[in-house]
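User: Please take a close look at the largest pocket and at the elements around it.

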Amino acid sequence: MNSPAEAFLHEAVERGSAMVLTLPSGGMLRHYKSRFLGSDALGIWVEADIGEIPLLNALIAAGTPVGVSCKLGPEKLKFVAPIVRLDAALVISAASCV
């Protein structure tokens with residue numbers, strides 16, 4: 001059975017909810033408004049700031065975890081996880097590519 005946090009995350013991903021992606025950089029944390037794009041066997045897909053591709057690649061190479069936070073109604077979920085992969089585009093449907 002899923003925990004309440006897993007159920008919350010699943011619902012937020014399915015809705016394409018807004019979220020904040022927190023990237024560590026130079027001893028500081030950079031916060032970016034983003035959104036969930038979906039999930040697959042590899043994990044959860046999120047939209048990233050295109051201007052931060054070099055930082056994202058460096059975080060992937062180092063295995064550095066990033067922060068994720070989202071709200072769904074009055075509830076808020078925060079967690080950290082490593083970035084597994086960066087793709088230039090994700091096909092959502094035949095008519096939509098991010």
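Analyst: The pocket comes first, then the sheet and the helices. This is a predicted model, in which local features need pLDDT of at least 70 and side-chain atom pairs count only at pLDDT 80 or more, while totals for chains, interfaces and linings use all residues. Residues are numbered from 1 along each chain as its sequence is written, and side-chain values use heavy atoms, with hydrogens and water left out.

The largest pocket holds about 740 Å³ of space. A pocket here is an open set of points on a 1 Å grid over the protein atoms alone, where a 1.4 Å probe fits, with protein on both sides within 12 Å along at least five of seven lines; lining residues have an atom within 4 Å of a point. The volume is the space filled by probe spheres set on the points, which are joined across faces, edges and corners. Of the 30 lining residues, Ile44, Trp45, Val46, Ile83 and Arg85 are the closest to the centre. Two or more residues each come from β1, β2, β3, α2, β4 and β5, with β3 giving the largest share, four residues. Helices (H or I, at least four residues) and strands (E, at least two) are DSSP runs, numbered from the N terminus. The lining has 24 nonpolar residues, one polar and five charged; Ala, Val, Leu, Ile, Met, Phe, Trp, Tyr, Cys and Pro count as nonpolar, Asp, Glu, Lys and Arg as charged, and the others, Gly among them, as polar.

The five strands form an open sheet in the order β3-β2-β1-β4-β5, with antiparallel pairing; strands pair if DSSP finds at least two bridges between them. Strands β3 (43-46) and β5 (75-82) are the edges, each pairing on one side only.
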